[in-house]
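Colleague: I would like to learn how to read a protein model step by step. Could we go through one together, with a question and an answer at each turn?

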Amino acid sequence: MRFKVEQGTISIPKGSSSATQSFSETHRSIPKVVVSCEENQNVFVSDVTRTEFIVNSSSDTGVTVYFHALSGF
């Protein structure tokens, strides 16, 4: 099986607790997305589709989030 892997960063601006990230290419299946950050905040993913996902934060203080997305094709 072959895999498509994508990685990057997302900035959630101060005053917001979520941001939408589009993938660079449409995945053939809905990818698994993993997120993390260096700050003391909870970050999590919602609404993953083949073209984009939403990353959410437990705070609205602004944060840079790192993501990896993996799908098989």
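What follows is a conversation about this model, from the whole chain down to single residues.

Modeller: This is a predicted model, in which local features need pLDDT of at least 70 and side-chain atom pairs count only at pLDDT 80 or more, while totals for chains, interfaces and linings use all residues. Residues are numbered from 1 along each chain as its sequence is written, and side-chain values use heavy atoms, with hydrogens and water left out.

Colleague: Which pattern do the helices and strands of the protein follow along the sequence?

Modeller: Helices (H or I, at least four residues) and strands (E, at least two) are DSSP runs, numbered from the N terminus. By that rule the protein has 0 helices and 6 strands. Read along the sequence, the pattern is therefore β-β-β-β-β-β.

Colleague: What is the radius of gyration of the protein, and what would a compact globule have?

Modeller: The radius is taken over C-alpha atoms, and the globule rule is 2.2 Å times the number of residues to the power 0.38. The C-alpha atoms fill a box of roughly 40 × 20 × 15 Å along the principal axes. Because the chain has 73 residues, the rule gives a radius near 11 Å for a compact globule, which agrees with the protein's own value of 12 Å.

Colleague: What share of the residues of the protein counts as buried?

Modeller: A residue is buried at under 20% relative accessible area, exposed at over 50% and partly exposed in between, using a 1.4 Å probe and protein chains only. Of the 73 residues, the share that counts as buried is 33%.

Colleague: How many bridges join β1 to β6?

Modeller: Two strands pair if DSSP finds at least two bridges between them. Strand β6 covers residues 63-72, and one of the pairs across to β1 is lysine 4 with its bridge partner serine 71. The two strands run antiparallel, and the number of bridges that join them is 10.

Colleague: Which residue in β6 stands opposite valine 35?

Modeller: Strand β3 (residues 32-36) runs antiparallel to β6, and 5 bridges join the two. The covered face of β6 consists of Val63, Val65, Phe67, Ala69 and Ser71, whereas Thr64, Tyr66, His68, Leu70 and Gly72 form the uncovered one. The residue opposite valine 35 is phenylalanine 67.

Colleague: Which residue of β5 is the bridge partner of serine 18?

Modeller: Serine 18 lies in strand β2, and β2 pairs with β5 (residues 52-57) in the antiparallel sense over 5 bridges. On another side of the account, β4 (residues 43-46) is joined to β5 by 4 bridges, also antiparallel, and there phenylalanine 44 stands opposite asparagine 56. The bridge partner of serine 18 in β5 is likewise asparagine 56.

Colleague: Is serine 18 buried, partly exposed or exposed?

Modeller: Contact means heavy atoms within 4.5 Å, and, leaving aside neighbours within four places in sequence, serine 18 is in contact with Ile12, Ile54, Val55 and Asn56. Its C-alpha atom is 5.5 Å from that of valine 55, although the two are 37 residues apart in sequence. Because its relative accessible area is 32%, serine 18 counts as partly exposed.

Colleague: What sign does the phi of aspartate 47 have, and what is its value?

Modeller: Most residues other than glycine have a negative phi. Aspartate 47 is found in the loop between β4 and β5, a hairpin with 5 residues between the strands, and is exposed because its relative accessible area is 54%. Although it is not a glycine, aspartate 47 has a positive phi of about 55°.

Colleague: How far apart in space are serine 11 and arginine 28, C-alpha to C-alpha?

Modeller: Serine 11 is found in strand β1 and counts as exposed because its relative accessibility is 54%. Beyond its neighbours within four places in sequence, serine 11 is in contact with Ala19, Val63 and Thr64. Arginine 28 is 17 residues away in sequence, and the distance in space is 26 Å.

Colleague: What distance separates the C-alpha atoms of glycine 15 and threonine 61?

Modeller: Glycine 15 lies in the loop between β1 (3-12) and β2 (18-22), and counts as exposed because its relative accessibility is 59%. Threonine 61 is 46 residues away along the chain, and the C-alpha separation is 6.1 Å.
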